[in-house]
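Subject: Structure for your files, with notes on the disulfides

Hello,

Here is the structure I said I would pass on. My notes on its cysteines follow below.

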Amino acid sequence: QLQLVESGGGLVHAGGSLRLSCAASGFTLDYYAIGWFRQAPGKEREGVSCISSSGGSTNYADSVKGRFTISRDNAKNTVYLQMNSLKPEDTAVYYCAADRSCLGGFGSWGQGTQVTVSS
């Protein structure tokens, strides 16, 4: 059973930074692309970023380009999302999910971590 656990969320002032972690247990991340998604209250879930299994390919939503960086450390079975220059509109529950590629349906999800950016 694929299990993902997010951590690193919290409360930060606008302009601040956070680093989210997505740790896998029960399987190795080596063969999976990992996507980060977020859902704000009253809004639909949106894709934030994705990294291929090799780490050689990444993509970002336009709203976070230049501010967020996704990376992976397969030796630690963990994917990170470094979030800089945070804005109040980044406030949401952030989820990571695994699939064979960034174009997949992402069937395995973590429980989410809350990110709150105050103005």
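Is Cys102 buried, partly exposed or exposed? With a relative accessible area of 24%, Cys102 is partly exposed, because the buried class ends at 20%. Its bonding partner is Cys50, and the two sulfur atoms are 1.9 Å apart. Cys50 has a relative accessibility of 5% and therefore counts as buried. Please keep in mind that this is a predicted model.

The Cys50 and Cys102 pair links distant parts of the chain, 52 residues apart. Cys50 sits in strand S5 (residues 46-51), while Cys102 is in the loop between S9 and strand S10 (108-109). The torsion about their S-S bond is about -90°, which makes this disulfide left-handed.

A search of the whole structure gives two disulfides. Besides the pair above, Cys22 is joined to Cys96, with an S to S distance of 2.1 Å. Cys22 belongs to strand S3 (residues 18-25) and Cys96 to strand S9 (residues 92-99), so this bond ties together parts that lie 74 residues apart in sequence. Here the S-S torsion is about 75°, so the disulfide of Cys22 and Cys96 is right-handed. Both Cys22 and Cys96 are buried.

On connectivity: when the bonded cysteines of the protein are numbered in sequence order, the pairing reads 1-3, 2-4.

Regards

Key
Residues are numbered from 1 along each chain as its sequence is written. This is a predicted model: local features need pLDDT of at least 70, side-chain atom pairs count only at pLDDT 80 or more; totals for chains, interfaces and linings use all residues. Side-chain values use heavy atoms; hydrogens and water are left out. A disulfide is a pair of cysteine sulfur atoms within 2.5 Å. Helices (H or I, at least four residues) and strands (E, at least two) are DSSP runs, numbered from the N terminus. Buried means under 20% relative accessible area, exposed over 50%, partly exposed in between (1.4 Å probe, protein chains only).
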